[in-house]
Amino acid sequence: MKKVLLVACVMICSHNAIADDDESRLAAARRADEQGDLDAALEQLEPLLERDPAQDAFAAAARQQASYILHRRGVDHFRNARIRAAIEDYKREMALLPEL
């Protein structure tokens, strides 16, 4: 019985630690975005983007945030005549949220 309780406690604690890490990543991405560092913001979101958004609220939030950042970065690339880079960002934006 003690083993079962111990295993349950470890599972709950590790789940909470993962959730805290995910929240920290989203917050760090928002801060980087607010400071205009879109590359750093996307870097924070990458681990969350690898997960299934249908099963993970943090992954879904990361996709929304990354899509917005990619669009803005694509606009910046386009305005600075970096057309290929703009197209790549727009393609990735569409891949993250194909329903839009």
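This passage walks through the helix packing, the nonpolar core and a few individual residues of a predicted model.

A good place to start is the pairing of helix α2, residues 38–49, with helix α3, residues 57–79. The axes of these two helices come within 9 Å and cross at roughly 150 degrees. α2 and α3 are therefore roughly antiparallel to each other, as angles over 145 degrees are counted in that class. The crossing of α2 past α3 is left-handed. On the α2 side, the contact is made by Leu38, Asp39, Ala41, Leu42, Leu45, Leu48 and Leu49. On the α3 side, the contributors are Phe58, Ala59, Ala62, Arg63, Gln65, Ala66, Ile69, Leu70, Arg72 and Arg73. Sorted by class, this contact comprises 12 nonpolar residues, one polar residue and four charged residues.

Several of these names return in the interior of the model. The largest nonpolar core has 14 residues, and those with the most contacts inside it are Leu45, Leu49, Ala62, Ala66 and Ile69. Two or more residues of this core come from each of α1 (2–34), α2 and α3. The biggest share is that of α2, which gives six residues. Leu49 offers a closer view of the surroundings: leaving aside neighbours within four places in sequence, Leu49 is in contact with Ala62, Arg63, Ala66, Arg92 and Leu96.

Two distances help to place α2 relative to other parts of the chain. Glu46 lies in helix α2 and is partly exposed, with a relative accessible area of 28%. Glu46 and Ala66 are 20 residues apart along the chain, and 8.7 Å separates their C-alpha atoms. Ala28, found in helix α1, has a relative accessible area of 17% and is buried. From Ala28 to Leu42, the sequence separation is 14 residues, and the C-alpha to C-alpha distance is 10.0 Å.

The next pairing joins α3 to α4. The axes of α3 and α4 are 8 Å apart, and the two helices pack at an angle of about 160 degrees. That angle makes α3 roughly antiparallel to α4. α3 passes α4 in a left-handed crossing. From α3, the residues that meet α4 are Arg63, Ala66, Ser67, Leu70, His71, Arg73, Gly74, Val75, His77 and Phe78. Their partners in α4 are Ile83, Ala85, Ala86, Asp89, Tyr90, Arg92, Glu93, Ala95 and Leu96. The contact of α3 with α4 holds 10 nonpolar, four polar and five charged residues.

Within this second contact, Asp89 deserves a look of its own. This residue lies in helix α4, which spans residues 83–96. Asp89 counts as buried because its relative accessibility is 5%, and the cut-off for that class is under 20%. Not counting residues up to four places away in sequence, Asp89 touches Leu70, Arg73, Gly74 and His77.

Finally, the link between these two helices has a detail worth finding in the structure. Ala81 sits in the loop between α3 and α4. Although Ala81 is not a glycine, its phi is positive, at about 60 degrees. Ala81 counts as exposed, since its relative accessibility is 63% and the class begins over 50%.

Notes. Residues are numbered from 1 along each chain as its sequence is written. This is a predicted model: local features need pLDDT of at least 70, side-chain atom pairs count only at pLDDT 80 or more; totals for chains, interfaces and linings use all residues. Side-chain values use heavy atoms; hydrogens and water are left out. Axes are lines fitted to C-alpha atoms, for helices over the stretch in contact, and angles run from 0 to 180 degrees between N-to-C directions. Helices (H or I, at least four residues) and strands (E, at least two) are DSSP runs, numbered from the N terminus. Angles under 35 degrees count as roughly parallel, over 145 as roughly antiparallel, 65 to 115 as roughly perpendicular and the rest as oblique. A crossing is left-handed if the near helix is turned anticlockwise from the far one by less than a right angle, and right-handed if clockwise. Contact means heavy atoms within 4.5 Å. Ala, Val, Leu, Ile, Met, Phe, Trp, Tyr, Cys and Pro count as nonpolar, Asp, Glu, Lys and Arg as charged, and the others, Gly among them, as polar. Buried means under 20% relative accessible area, exposed over 50%, partly exposed in between (1.4 Å probe, protein chains only). A nonpolar core is a set of buried Ala, Val, Leu, Ile, Met, Phe, Trp, Tyr and Cys residues joined through side-chain atoms within 4.5 Å.
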